[in-house]
Amino acid sequence: MARKKIAVVTDRRQTAEFFVLEARSCGCAATVLPTIPDNIKDYDIIVSENKGIEKSVTVKQRDGSVCVWELPIPVSRLRELYMGGEFASVQMREGEDRLFLSPHGEKKAVMLRDKIIPLTDGEWHVLVFLAQRNGEPVSRAELSLLFGAERGNIADVYICRLRKKLEEPFGIKAITTVREKGYALSLKADNVPTEII
């Protein structure tokens with residue numbers, strides 16, 4: 001199946017990042033444009049931020065359908081748009097929080113509850129390592145080795161930073177301390193890289 005082509009028309013960086021990040025995580029090709037393209041038939045979906053209508057976008061699809069969505073758009077609704085009939089296999093349970101990691105090679109960031117959260121290289125490495133373990137605990141020693149350190153509290157420092165970014169703003173528990181075993185990611189994660197980059 002050919003990749004869907006998405007055009008995102010906005011001059012706001014954060015809005016563009018949200019739509020592009022989710023499009024790429026769904027396997028679509030996304031392009032940010034300053035204005036509506038002349039060759040609109042070249043795109044499957046055009047998402048255009050509305051000027052003068054606060055906090056909304058117009059979504060045009062190749063089949064001719066047009067709708068206006070208020071921002072913020074739930075990630076689940078956007079994934080349904082991008083993936084079409086494939087959405088049912090990734091649909092979240094009501095109230096379930098999930099992390100969406102940025103695609104391979106993109107800026108290091110995660111999306112949680114429709115918010116893009118930028119991460120430092122160190123935070124990214126720790127989060128990916130935890131996500132790759134799929135809820136299994138990772139020892140402090142294993143995390144420290146990511147940074148070439150056999151001792152010290154570097155793992156605790158990065159866990160603390162991740163908790164500040166992923167837990168405090170949302171009032172949730174993202175990383176659990178497992179007694180005598182280390183740390184475990186308590187959120188489900190999508191788009192997890194197979195290797196730490």
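Let me begin with a hairpin in this predicted model: strand S9, residues 175-178, and strand S10, residues 182-185, run antiparallel and are joined by four bridges. Within that pairing Thr-177 has Tyr-183 of S10 as its bridge partner, and Ile-175 stands opposite Leu-185, again in S10. Three residues lie between the two strands of the hairpin, and Glu-180 takes a positive phi there, near 65 degrees.

Before going further, a word on confidence. The mean pLDDT of the protein is 81, with 86% of its residues reaching 70 or more. The stretch to treat with caution is residues 85-94, where the pLDDT is below 50, and for which the model shows eight contacts beyond near neighbours in sequence. Where pLDDT is low, predicted coordinates should not be read in detail, and I will leave that stretch aside.

Now to the sheets. One of them is an open sheet of five strands with mixed pairing, and its order is S2-S1-S3-S4-S5. At its edges stand S2, residues 29-33, and S5, residues 66-70; each of these has a single partner strand, so one side of each is left without a neighbour in the sheet. From one strand to the next, the twist averages 20 degrees. If we look at S1, residues 5-9, we find that five bridges join this strand to S2, and that the two run parallel. One residue pair to look for on the screen is Ala-7 with its bridge partner Thr-31, the latter in S2.

What packs on this sheet? Helix H1, residues 13-25, does so, touching S1 and S2 as well as S3 (45-49) and S4 (56-61), and the direction of H1 makes about 165 degrees with that of S2. Inside H1 there is a salt bridge between Glu-17 and Arg-13, whose closest N and O atoms are 3.0 Å apart. These two residues, both in H1, are four residues apart in the helix, which is about one turn. A search of the whole structure finds eight salt bridges.

The other sheet I want to show is also open, and here four strands with mixed pairing follow the order S8-S7-S6-S11. Its edge strands, S8 (115-118) and S11 (188-190), each pair on one side only. Neighbouring strands in this sheet are turned against each other by 30 degrees on average, with direction ignored. Strand S6, residues 98-101, and strand S7, residues 109-112, run antiparallel and are joined by two bridges, and in this part of the sheet Leu-101 stands opposite Val-110 of S7.

Which helices lie across these strands? H1 appears again, lying across S6, S7 and S8 and running at about 95 degrees to S8. Helix H5 also lies across S6, S7 and S8, but its angle to S8 is about 160 degrees.

That brings me to the packing of helices. Two packed helices are described by the angle between their axes and the distance between the axes. For H3, residues 121-132, and H5, residues 154-166, the axes come within 9 Å and cross at roughly 85 degrees, which makes H3 roughly perpendicular to H5. On the H3 side, the contact is made by Gly-122, Glu-123, Val-126, Leu-127 and Leu-130, while H5 contributes Tyr-158, Ile-159, Arg-161, Leu-162, Lys-165 and Leu-166. By character, the residues of this contact between H3 and H5 divide into seven nonpolar, one polar and three charged.

To close, I would bring the discussion back to H1, since this helix packs on the five-strand sheet and also lies across S6, S7 and S8.

Technical notes: Residues are numbered from 1 along each chain as its sequence is written. This is a predicted model: local features need pLDDT of at least 70, side-chain atom pairs count only at pLDDT 80 or more; totals for chains, interfaces and linings use all residues. Side-chain values use heavy atoms; hydrogens and water are left out. Two strands pair if DSSP finds at least two bridges between them. Axes are lines fitted to C-alpha atoms, for helices over the stretch in contact, and angles run from 0 to 180 degrees between N-to-C directions. Contact means heavy atoms within 4.5 Å. Angles under 35 degrees count as roughly parallel, over 145 as roughly antiparallel, 65 to 115 as roughly perpendicular and the rest as oblique. Ala, Val, Leu, Ile, Met, Phe, Trp, Tyr, Cys and Pro count as nonpolar, Asp, Glu, Lys and Arg as charged, and the others, Gly among them, as polar. pLDDT is the predictor's confidence in each residue, from 0 to 100. A salt bridge is a side-chain nitrogen of Lys or Arg within 4 Å of a carboxyl oxygen of Asp or Glu.
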